[in-house]
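Hi,

Here is the structure I promised to pass on. Have a look at it first, and then read my notes below.

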Amino acid sequence: YCASLRAADLLERQLKLLNTVLPELPSILLGRRNPLELLFPDGKMDLLESIYREHPVSRHFNDILAGQAEMYVRERLRQDPDYRLRLLEIGAGTGGTSDRLFSILSPYADRIEEYAYTDLSAAFLQHAQNKYVGIAPYLSTCRPDIEKTPESQGFPQGGYDLVIAANVLHATRDMNLTLQHCGSLLRKNGLLLLNELAGSSMFTHLTFGLLE
């Protein structure tokens, strides 16, 4: 019964998003309307944030990713209890993955030097500052472009223990180059945690698929 309620609630949120976008589809396809204005009305994240957080598949794989991050951090600190970790998330967006990570890493907060929350959108970075600074005092925000060399954007080579990318790297033009840039960010024995969609649906085609 509870599972059915959750499924119905998710479907209602998806339909709300579709009902927002579909009436404007001709204008979007003709280039007269920016789909971002519809997905993020008045710069608000509400329409998408609830779907990112509550979708059972997204939640499942965010839990797996967060568990892997916690295992890595725990083992790193077992080897060196005084070590201070640096983490970077590429394309953090509304924080669907970050939120779970901040929760599971809270026991290690005093051992985390930095969690670099990055995205190309200034609106997402402001959202993170408003929502997460109190939860994650080690938070920093910046706008790198993973398609360009991190060093040219002020990031030290081998500067991070963990690099996290959830459903973002697929949007880049050259995957080999993108992964090279991710690798250049990692310290020795660092870890890239990567989540990516492996399928498509009409819902994603008519919503996220409209974005550049």
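A residue is called exposed when its relative accessible area is over 50%, buried when that area is under 20%, and partly exposed in between. With that in hand, take N189, which has a relative accessible area of 63% and is therefore exposed. N189 sits in strand β5, which covers residues 186–195. Its phi is near 65°, a positive value in a residue that isn't glycine. Please keep in mind that this is a predicted model.

Now for the whole chain. You'll find nine helices and five strands in it. Starting from the N terminus, the order is α-α-α-α-α-β-α-β-α-β-β-α-β-α. How compact is the chain for its length? Its radius of gyration is 18 Å and the globule rule gives 17 Å for 212 residues, which is close, so the chain is as compact as a globular protein of that length. If you draw a box along the principal axes, the C-alpha atoms fill roughly 55 × 45 × 30 Å.

Contacts tell you something about the fold too. Counting contacts with a separation of 6 or more, 75% are between residues 24 or more positions apart. As for burial, 41% of the 212 residues are buried. The accessible surface of the chain is about 11900 Å², and carbon and sulfur atoms own 54% of that. On the charge side, there are 21 positive and 26 negative side chains, and the centres of those two sets are 2 Å apart.

How many disulfides does the structure hold? The count is zero. Look at C142: it is in no disulfide, and the nearest cysteine sulfur, which belongs to C182, is 14 Å away. The situation from the other end reads alike: C182 is in no disulfide, with the sulfur of C142 as its nearest cysteine sulfur at 14 Å. Are these two cysteines buried or exposed? C142 has a relative accessible area of 23%, so it is partly exposed. C182 has 0% relative accessibility, so it counts as buried.

Next, two glycines in loops. G93 is in the loop between β1 (85–90) and α6 (96–104). At 10% relative accessibility, G93 is under the 20% cut-off and so counts as buried. Which residues does G93 touch, leaving aside those up to four places away in sequence? They are Y117, D119 and F124. Compare that with T149, whose C-alpha atom is 21 Å from that of G93, with their positions 56 residues apart along the chain.

The other glycine, G43, is in the loop between α3 (35–39) and α4 (46–54). G43 has 42% relative accessibility, which puts it in the partly exposed group. G43 and L87 are 44 residues apart in sequence, and their C-alpha atoms are 27 Å apart in space.

One last residue to click on is N167. You'll find N167 in the loop between β4 (160–166) and α8 (175–185). Its phi is near 55°, again a positive value in a residue other than glycine. With 36% relative accessibility, N167 counts as partly exposed, whereas N189 is exposed.

Have fun turning it around on your screen!

Cheers

Key
Residues numbered from 1 in each chain as written. Predicted model: local features only at pLDDT ≥ 70, side-chain atom pairs only at ≥ 80, totals over all residues. Heavy atoms only, no water. Helix = DSSP H or I, 4+ residues; strand = E, 2+ residues; numbered from the N terminus. Rg over C-alpha atoms; globule rule 2.2 N^0.38 Å. Buried < 20%, exposed > 50% of the residue type's maximum accessible area, 1.4 Å probe, protein only. Contact = heavy atoms within 4.5 Å. Areas by Shrake-Rupley, 256 points an atom, 1.4 Å probe, with all protein chains shown as cover. Lys, Arg positive; Asp, Glu negative; His and termini not counted. Charge placed at Lys NZ, Arg CZ, Asp CG, Glu CD. Disulfide = S-S within 2.5 Å.
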